[in-house]
Amino acid sequence: MKKFCTIIVFVVVATGAFAQLVTSISIQGWKQTLRVGESMQLSAEVMPQNALNATLSWTSSNPNVVSVTQQGYVTGISKGVADVSATATDGSNITANYSM
């Protein structure tokens, strides 16, 4: 006599109304002017703190003036003005800017 058992697997995916998207980003730095060759670390606070995906993409509006790594580390390249942006990668399209 063969015995069978049925296994039911429920998969819950955090999407739509259940996913907590980023609602705001604030960038902190200790100065807004860098000399050529000078560097500093920017930090970002993502809200809400329980956002499902708090990963940010860092960019410079003018990489010839200021470079930025994906960890928010900025370096002055040449004289000029640039904004450093941190954008949420969770689909919320929330962005914060830091003017330099």
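Which residue in β6 does Val66 stand opposite? Hi everyone, let me start with that one. The residue across from Val66 is Gly76, in β6. Before I go further, please keep in mind that what you have in front of you is a predicted model.

So, the first sheet. Val66 takes us to an open sheet of 3 strands, ordered β2-β6-β5, and the pairing there is antiparallel. The edges are β2, residues 39-41, and β5, each of them pairing on one side only. Going from one strand to the next, the twist averages 20 degrees. As a general reminder, strands of a sheet pair through backbone hydrogen bonds, and they can do that in a parallel or an antiparallel way.

Let's take the two pairings one at a time. Between β5 and β6, which covers residues 73-76, there are 3 bridges, and the two strands run antiparallel. Besides Val66 with Gly76, you can find Ser67 standing opposite Thr75 of β6. These two strands form a hairpin with 4 residues between them. If you like backbone torsions, look at Gly72 in that turn: its phi is positive, at about 85 degrees. On the other pairing, β2 and β6 are joined by 3 bridges, again antiparallel. There, Gln41 has Tyr73 in β6 as its bridge partner.

Now let me stay on Thr75 for a moment. It sits in strand β6. Is Thr75 buried or exposed? Its relative accessibility is 18%, and the cut-off for buried is under 20%, so Thr75 counts as buried. Its side chain makes a polar contact of 2.8 Å with the side chain of Ser39. Leaving out residues up to four places away in sequence, Thr75 touches Leu34, Gly37, Glu38, Ser39, Val65, Val66 and Ser67.

Glu38 in that list deserves its own stop. How many salt bridges does a search of the whole structure find? The search finds 1. Glu38 forms a salt bridge with Lys31, with the closest N and O atoms 2.9 Å apart. As for accessibility, Glu38 comes out at 22%, so it counts as partly exposed. Lys31, at 24%, is also classed as partly exposed.

Next to Thr75 in the sequence is Val74, and that brings us to the core. The largest nonpolar core has 21 residues, and those touching the most other members are Leu42, Trp58, Val74, Val84 and Met100. Which strands supply at least two residues each? Those are β1 (24-28), β4 (56-60), β5 (66-68), β7 and β8. The largest share, 3 residues, comes from β7. For Val74 itself, again not counting residues up to four places away in sequence, the contacts include Leu42, Val84 and Met100. Val74 also touches Leu34, Glu38, Ser39 and Met40, along with Val66, Ser67 and Val68.

That leads on to the other sheet. This is an open sheet of 3 strands in the order β4-β7-β8, with antiparallel pairing. Here β4 and β8 are the edge strands, and each pairs on one side only. The twist from one strand to the next averages 20 degrees. Between β4 and β7 there are 5 bridges, in the antiparallel sense. One of the pairs to look up is Ser60, whose bridge partner in β7 is Val84. And Val84, as you may recall, is among the core residues that touch the most other members.

Last stop: the loop between β7 and β8. Strand β7 covers 83-88, β8 covers 95-99, and Ser92 lies in the loop between them. Beyond its neighbours within four places in sequence, which residues is Ser92 in contact with? The answer is Leu21 and Val22. For Val22 there is a polar element too: its backbone oxygen lies 3.5 Å from a polar atom of the Ser92 side chain. Asn93 is in this loop as well. With a relative accessibility of 64%, Asn93 counts as exposed. Its C-alpha atom is 9.2 Å from that of Thr23, and the two residues are 70 residues apart along the chain.

That's my tour. If you open the model later, you could begin with Thr75 and its 2.8 Å side-chain contact to Ser39, then move on to Glu38 and its salt bridge with Lys31. Thanks for listening, and I'm happy to take questions!

Methods:
Residues numbered from 1 in each chain as written. Predicted model: local features only at pLDDT ≥ 70, side-chain atom pairs only at ≥ 80, totals over all residues. Heavy atoms only, no water. Polar contact = N/O pair within 3.5 Å; in protein donor to acceptor, adjacent residues only side chain to side chain. Contact = heavy atoms within 4.5 Å. Buried < 20%, exposed > 50% of the residue type's maximum accessible area, 1.4 Å probe, protein only. Core = buried A, V, L, I, M, F, W, Y, C linked by side-chain atoms within 4.5 Å. Pairing = 2+ DSSP bridges. Axes fitted to C-alpha atoms, helices over the stretch in contact; angles between N-to-C directions. Salt bridge = Lys/Arg side-chain N within 4 Å of Asp/Glu carboxyl O.
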